[in-house]
Amino acid sequence: MARLTGKTALVTGSGTGIGLSVATRFAAEGARVVIADRDPAAASAAVAAIGEAARAVTVDISAEDQVAAAFDAVAAEGWAPDVVVANAGVQLFGQDAKIADLDLAVWRRTIDINLTGTFLTVKHAIRTMLPRGGGSVILTGSPTGVNGEGQDFTAYSASKAGIHGLARTAAAAYATDGIRVNTVVPAYTETSLVSTISDDPASRAAIVSRIPMGRAGTPADVEGIMVFLASDDAAFATGALFAVDGGMTTL
Ligand SMILES: NC(=O)c1ccc[n+]([C@@H]2O[C@H](COP(=O)([O-])OP(=O)(O)OC[C@H]3O[C@@H](n4cnc5c(N)ncnc54)[C@H](O)[C@@H]3O)[C@@H](O)[C@H]2O)c1
């Protein structure tokens, strides 16, 4: 259980949900972890729970000045990351809609955070890693960005498909610089992000029926693949999509 000893990881959106689970596991595997979230209270609680191997930085990933400042601040304190997980994201249930009904403002807010925010995180991660000789960048995709999983998920699906494409291009562009870029695709995972589904038995049953293993995912389900991709065991893995989704993307 010490596969990340000596590494520093920065995980966006790690105040709660999948990001918190991954950051906590990274620390258990010997890494130092930066909890990068727009919610300072959640980030502080995460640091308190993880202990001295963690520190927090408040950042809205959709604002480039904040993303650049966050990377500068952690580097100045000797916490420049070897591993960056671009995980923060939103899904605007009740606002995202079938395309003919979708407001431009909802489209823009989803793309600004999920796709532009991921772009900015990866951009500044790579700028930090290049002079240090490399690193591992991991993006959080979604089954709906592969298959399409809901008629109302127009903006969210497009943002995630964009992330999948961005990862492949960045992986090829920096493959000889020691920087690996991969995407993890979790299944429907029961966090606060998807409470609109999990609080409604019919909606929950419908989405679980799309998972061949017959159950919802948990944040812990995503930890193992993240540890692998962060570690040197994944030295030859780049540009790939790693589905940990109970088979959801095979349907
Ligand atoms: N839960 C699922 O079913 C599921 C499935 C596939 C992919 N994902 C993806 O996994 C990632 C994490 O999702 P989750 O379920 O843990 O969500 P969550 O809502 O539980 O946690 C998201 C975290 O991101 C933070 N965040 C949101 N916008 C931010 C911003 N602009 N800047 C910085 N931080 C921000 C939030 O404060 C929160 O701490 C997202 O990218 C999501 O799209 C989730």
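These questions and answers concern the ligand site and the aromatic pairs of a predicted model.

Me: Which residues come nearest to the ligand?
Reply: A residue counts as near if one of its heavy atoms lies within 4 Å. The ligand has 28 residues around it. Of these, the ones that come nearest are Asp37, Asn87, Tyr156, Thr189 and Thr191.

Me: How many residues of the shell around the ligand are charged?
Reply: Helix H1 (17-28) and helix H5 (154-173) each supply at least two residues of this shell. By residue class, the shell divides into 12 nonpolar and 12 polar residues, and the charged ones number 4.

Me: What is the distance from an oxygen atom of the ligand to an N or O atom in the side chain of Lys160?
Reply: A polar contact needs a pair of N or O atoms within 3.5 Å. For a nitrogen atom of the ligand, the distance to such an atom in the side chain of Asp60 is 3.0 Å, and to one in the side chain of Arg38 it is 3.3 Å. For an oxygen atom of the ligand and the side chain of Lys160, the distance is 2.8 Å.

Me: How much of the ligand does the protein bury?
Reply: The space taken by the ligand is the largest pocket. Taken alone, the ligand exposes 830 Å², and the share of that buried by the protein is 94%.

Me: Is the pair of Phe93 and Phe153 stacked or edge-to-face?
Reply: The count of aromatic pairs comes to 2. The ring centres of Phe93 and Phe153 are 5.9 Å apart. Their planes stand at 85 degrees, and planes over 60 degrees apart count as edge-to-face, so the pair is edge-to-face.

Technical notes. Residues numbered from 1 in each chain as written. Predicted model: local features only at pLDDT ≥ 70, side-chain atom pairs only at ≥ 80, totals over all residues. Heavy atoms only, no water. Polar contact = N/O pair within 3.5 Å; in protein donor to acceptor, adjacent residues only side chain to side chain. Areas by Shrake-Rupley, 256 points an atom, 1.4 Å probe, with all protein chains shown as cover. 1 Å grid on protein atoms, 1.4 Å probe; cavity = no way out; pocket = protein on both sides within 12 Å on 5 of 7 lines; lining within 4 Å. Sits in = over half its atoms within 2 Å of the grid points. Helix = DSSP H or I, 4+ residues; strand = E, 2+ residues; numbered from the N terminus. Nonpolar A, V, L, I, M, F, W, Y, C, P; charged D, E, K, R; others polar. Phe/Tyr/Trp six-rings, centres within 6.5 Å; stacked < 30°, edge-to-face > 60°.
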